[in-house]
Amino acid sequence: MIIGAVAVVVLIIVVLVVALGGSDSSGGSSLNGKAAHDGLRTVLADSTFDEDGNDDLRVCPLGDLDDLHAAVAKAIDLDPAVGEGTDDRSAREEGDLPGFVSCQRFTEDESKVDKGPTSIFFQAVLDPPRDYEGYITDFAGDVTDVNFDDTVEYKGGTVHMFCATASEDAGFTGCDADWVDTTNKIALNMFLGGGDASSEDTFTALKAVLPMMAASLAELAGNES
């Protein structure tokens, strides 16, 4: 009877693990970073970069921007003006910094936003440096001040969080949460722009869109654009 009781307990635990999506206590099952990496590499390989190393993309490889916006708006408070904003999709050639793709929706007139972030920005970085905070500091340059929070283990990666304040006109202001998979060499990032953003909201927004971003890139792995 004791053996039977133990077997029942083990079965219950197995069922719970499956139902919850894996054994990773930090956000459930891991993402398919390898497929996301391959998809991002395909997008960058198929891009046609101008002399400045940029390419305007017709579609967002991280998911439909309406769907991404809806997921973020469901997770945190977003002013309706953000949803009515301007979209931008681009790829950046590898140079002094890693290659990446980015998609964003932003309000051109920030005065229309009563509260909360003025833009939402999604990014995927290929082969991010292991010194990730050093990479962010280099990316920010001398025109932006960056303050990092503690990292968090989540879905098989490490989430680096920071808030930034522009110290010059060329800088940027907002908060960022970046999911970094050092094994598969990819980072999936969420940035909320503006002075009324927080690390907590950005991490919440990242969790809402992270599976969509990874799955969208995975679909592009090995495919022609």
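**Entry 1: two helices.** I began with helix 2 (residues 33–46) and helix 6 (residues 199–219), whose axes come within 7 Å and cross at roughly 60 degrees. Because that angle falls outside the 65 to 115 range counted as roughly perpendicular and is not under 35 degrees, I recorded helix 2 as oblique to helix 6. The model I am reading is a predicted one. I then looked up the hand of the crossing and noted that helix 2 passes helix 6 in a left-handed manner.

**Entry 2: the contact.** Which residues of helix 2 meet helix 6? I found A35, A36, G39 and L40 on the helix 2 side, and they meet A214, L217 and A218 of helix 6. I sorted the residues of this contact by class and obtained six nonpolar, one polar and no charged.

**Entry 3: the largest pocket.** I turned next to the largest pocket, for which I noted a volume of about 470 Å³. Its lining consists of 26 residues, and F121, F139, F172, D176 and F191 lie nearest the centre. I listed the elements that give two or more residues to this lining: strand 3 (100–106), strand 4 (119–126), helix 5 (132–140), strand 8 (174–181) and strand 9 (186–193).

**Entry 4: make-up of the lining.** Which element gives the most to the lining of the largest pocket? I recorded helix 5, with five residues. By class, I entered 12 nonpolar, 11 polar and three charged residues for the lining of the largest pocket.

Technical notes:
Residues are numbered from 1 along each chain as its sequence is written. This is a predicted model: local features need pLDDT of at least 70, side-chain atom pairs count only at pLDDT 80 or more; totals for chains, interfaces and linings use all residues. Side-chain values use heavy atoms; hydrogens and water are left out. On a 1 Å grid over the protein atoms alone, a cavity is a set of points where a 1.4 Å probe fits but cannot get out, and a pocket is an open set with protein on both sides within 12 Å along at least five of seven lines; lining residues have an atom within 4 Å of a point. Grid points are joined across faces, edges and corners, and a volume is the space filled by probe spheres set on the points. Helices (H or I, at least four residues) and strands (E, at least two) are DSSP runs, numbered from the N terminus. Ala, Val, Leu, Ile, Met, Phe, Trp, Tyr, Cys and Pro count as nonpolar, Asp, Glu, Lys and Arg as charged, and the others, Gly among them, as polar. Axes are lines fitted to C-alpha atoms, for helices over the stretch in contact, and angles run from 0 to 180 degrees between N-to-C directions. Angles under 35 degrees count as roughly parallel, over 145 as roughly antiparallel, 65 to 115 as roughly perpendicular and the rest as oblique. A crossing is left-handed if the near helix is turned anticlockwise from the far one by less than a right angle, and right-handed if clockwise. Contact means heavy atoms within 4.5 Å.
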